[in-house]
Every structure is written in structure tokens, then in C-alpha cells.
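This report walks through a protein chain as a whole and then through several of its parts. Please keep the sequence and the model side by side while reading.

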Amino acid sequence: MLSAPSVSRALCVFSLVGGLQEGRALGEVTKFRVYNLRRYQAGGDRPETYFAMTKQIAGVVDARAQELMPDVFHWLGIQSIDTLLSMSKDKYEAITKSGGIHVGRRDSLPETMVPAGAHTEISAKISSGYLGFQPGKTDNDAARRAVFTLESVRERCHKMLQLATADKLEYFEVDMTRVDSVASTVVDCMRRHHPELNIPAHSRMRHFEVNGYDRVGELESRWKRFHIDALERTRREIDLIVVSVLLDAGAGPAWKYTDHGGGGRPVTRSEGLALASLDMFRNALFSSAKNNAQRVDSFGLRALRLDDLERGFQVSESNELVGLRGRYNMLQRLANA
């Protein structure tokens, strides 16, 4: 048990206290017999049979007398513990109720301190109610990730709206009396272009169909001719979409992509980036497999060079793409993941 007890107002002691009750006081030989039975039982070691295996060998689940455990703290003269790190409610109750020792704060064990092979035992004890606390999750990026949650985005949007309606923004203003007019304009546009209201979804797949040419559909037809089954076709499309979305960000005002397969017309923005990534995918730029070129794998991404991406996006002095190195680094992080 790990604890940080306060002996007095001026002195704080960190103590590591252990009791000779290894293996729930069942003894070393019995403990290893239980371990072997758990490991080699039909279906392998699992939480739902954890205590049954112990009782089958030892006749009892736990032979410890936790009420005696606080004696060592009394011997040390400890009357108060600032922070107690223990997952056991039995130990906690023995310290506070039987021992009469004050515990200021009780923390879960950090997840990094839990051995890899101990999760079966922990899960069994959590299910049985033996543990008061589960292992604490170590999350150093929680604050950063919180900014990107839906709740945080909505909160910030509402704050911006409040500033705008109060005319406190430098570059934008909001006129709420025009909302009905804007809504009517949007509805009129929808009905004019899609009178049956069968409006296609806006997605990466739609970007591949720029100028009315179903490029992915053509690719699928080719795969079918080579007897590629539906599951493998789906895997390949997921590969394509993931990489294509990661490569999609603001291209800059000057960049364009010449679609040689679509009549040689220049395409800009997200549509252009989508077509460029599709052509690179078709040309096996992201794959290391010789016999399965139209896919994405970590070896293929690691072998990718920055100048390969430059050529894929048709970058030149007169056709500069904003953030090219950032896109390349993104693919390298994907490879490492």
C-alpha cells in the first residue's frame, strides 16, 4: 500500500508499508497453483472465473485479516494520511473504521502502475465490488482535446454570436432580421437544382465526382473485373478516403490540379486535392505491395518522399500548394500509427 501520511503539521512522510500476506494470505505454493489453474483452464484466464479458481484450490477466496493491517501505522504514530493510493475498499475501511485513521484524499492507482498481466485480476475485483476505485487513466492531453469537443465548440460559437449581436466584432456583424430571407434563398436554391429534393450528400466521395465523372465507380468496376470481392473493395475505398481526407486542407488561392483523366480541365480547392489523392492512390504511391498496388499501408507511406507528394500534387513555382510539408508529415504520422 502506498500512502503519504502527515505525522505533524510540519512533517510529511512518504511510507511504503507491506504485509506478509502475499497472495491473499494463501501462501506462495497455493498462490502459484491458483495461477496455473487460471492460466490453463478451458478458455484461458478470464475475470469471471478468477475467484472460483482460487476457491477451488484454497477452499477460500481470501484469507487475510485486514483489520490487523492498521497496526503498523499505529506503531509509527500515524494518525492522518493525506493521500492514500489503494484500489481496495477493504484496506480503506480497515484503516478508517477499524484503525480510526483519518484519510484526507483517496486516489486511484495510476494506470501506468498497473502491470500488463494484472488486468484480469483487476476486472474480476471490480465486478465483485472488491475495489472501490478503478485504475486512474493517465491523460496528459485532456485539456488540449477538450477544446475540440462538440460542447466546447458550441460554447465558443455562442460566445462569438453574443459578441456579434452586440456589435463587438471588428470585421463581422450579424443582422438577425435577415435570417428568414437567407433561409428562403437557400430553400429556393435547393428546389431549383434538386426539384425532387434528392440532394446528394456532401462528402469526400462527392469530391471524386467533380464535373460529373464517377471516378471511384470506374475504379470499382475495374476491381470487379479482376474478381476482387466486396470486402476487399471496401477496404481499399476506406484506405483511399482516409488518406484523401488527411491530405485535404486549404490549398491556397493559386493552386490547381489538372485532371488529365477528365478532359484536362483544372480543378481547385477540395475537389482538386481529392482528384490528386485519387490519382496518387491509383498509381500506387501509398502502397508497398507489388501485387496489390491500389491500397494504403504503413510501409508504402514510410517510403513516400516529399518530392513524390510534390509531383502528385503537380506543385511548381507557378503552382504552389500551401502546407505541403504539413501534409507529408501527417502521412508519416499515419504510417507510424
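A helix is here a DSSP run of H or I with at least four residues, and helices are numbered from the N terminus. With that definition in hand, S152 can be placed in helix 8, which runs over residues 150-165. The model in view is a predicted one, and this should be kept in mind throughout.

**Around S152**

Is S152 buried or exposed? Residues with under 20% relative accessible area count as buried. S152 has a relative accessible area of 19%, and therefore it is buried. Its side chain makes a polar contact of 3.0 Å with the side chain of T149, and, when residues up to four places away in sequence are set aside, S152 touches A146 and V147.

**The chain as a whole**

Helix 8 belongs to a chain that has 16 helices and six strands. Of the 337 residues in this chain, 31% are buried, while the chain exposes about 21,700 Å², of which carbon and sulfur atoms supply 54%. If one takes the contacts between residues at least 6 apart in sequence, 58% of them join residues at least 24 apart.

How many disulfides does a search of the whole structure find? The search finds zero. A disulfide is a covalent bond between the sulfur atoms of two cysteines. Two cysteines may be looked at in this connection: C157 counts as partly exposed because its relative accessibility is 49%, and C189 counts as partly exposed at 33%.

**Helix 3 and its two faces**

Helix 3 covers residues 50-58, and its buried residues are Y50, F51, M53 and T54. Why do these residues lie on the same side of helix 3? They cover an arc of only 160 degrees around the axis, and so they share one side of the helix. A general rule helps to picture this arrangement: an α-helix has 3.6 residues a turn, so residues three or four places apart point the same way. On the face of helix 3 turned away from the buried side are the exposed residues K55 and Q56. Just after helix 3 comes G59, which takes a positive phi of about 85 degrees.

**Positive phi outside glycine**

Most residues other than glycine have a negative phi. Two residues can be read against that background. R269, with a phi near 55 degrees, has a positive value although it is a residue other than glycine; it is placed in helix 13, residues 269-282. Q314, whose phi is near 60 degrees, is likewise a residue other than glycine with a positive value, and it lies in the loop between helix 15 (306-312) and helix 16 (324-336).

The table gathers the accessibility of R269 and Q314 together with that of two further residues discussed below.

| Residue | Relative accessibility | Class |
|---|---|---|
| R269 | 63% | exposed |
| Q314 | 24% | partly exposed |
| A303 | 55% | exposed |
| V322 | 44% | partly exposed |

**Nonpolar cores**

The largest nonpolar core has 31 residues, and the members that touch the most other members are L247, F286, L309, F313 and L331. At least two residues of this core come from each of helix 11 (215-225), helix 12 (230-246), helix 13 and helix 16. Which helix gives the most to this core? Helix 13 does, with seven residues. Looking at one member more carefully, and not counting residues up to four places away in sequence, L309 touches L247, M280, L304, L324, R327, Y328 and L331. Another core, of nine residues, lies apart from the largest one, and F73, I78, A94 and V103 are among its members.

**Pairs that are separated along the chain**

A303 lies in helix 14, residues 298-303. A303 and S288 are 15 residues apart in sequence, and their C-alpha atoms are 8.1 Å apart in space.

V322 lies in the loop between helix 15 and helix 16, the loop that also holds Q314. Although V322 and G250 are 72 residues apart along the chain, 7.0 Å separates their C-alpha atoms. Where neighbours within four places in sequence are left aside, V322 is in contact with G250, A251, G252 and R327. R327 appears among the residues touched by L309 as well.

Key
Residues are numbered from 1 along each chain as its sequence is written. This is a predicted model: local features need pLDDT of at least 70, side-chain atom pairs count only at pLDDT 80 or more; totals for chains, interfaces and linings use all residues. Side-chain values use heavy atoms; hydrogens and water are left out. Buried means under 20% relative accessible area, exposed over 50%, partly exposed in between (1.4 Å probe, protein chains only). The arc is that of the directions from the helix axis to the C-beta atoms. Contact means heavy atoms within 4.5 Å. Accessible areas come from the Shrake-Rupley method with a 1.4 Å probe; for residues, only the protein chains shown count as cover. A disulfide is a pair of cysteine sulfur atoms within 2.5 Å. A nonpolar core is a set of buried Ala, Val, Leu, Ile, Met, Phe, Trp, Tyr and Cys residues joined through side-chain atoms within 4.5 Å. A polar contact is a pair of N or O atoms within 3.5 Å; within protein, one must be able to donate a hydrogen and the other to accept it, and residues adjacent in sequence count only if both atoms are side-chain atoms.
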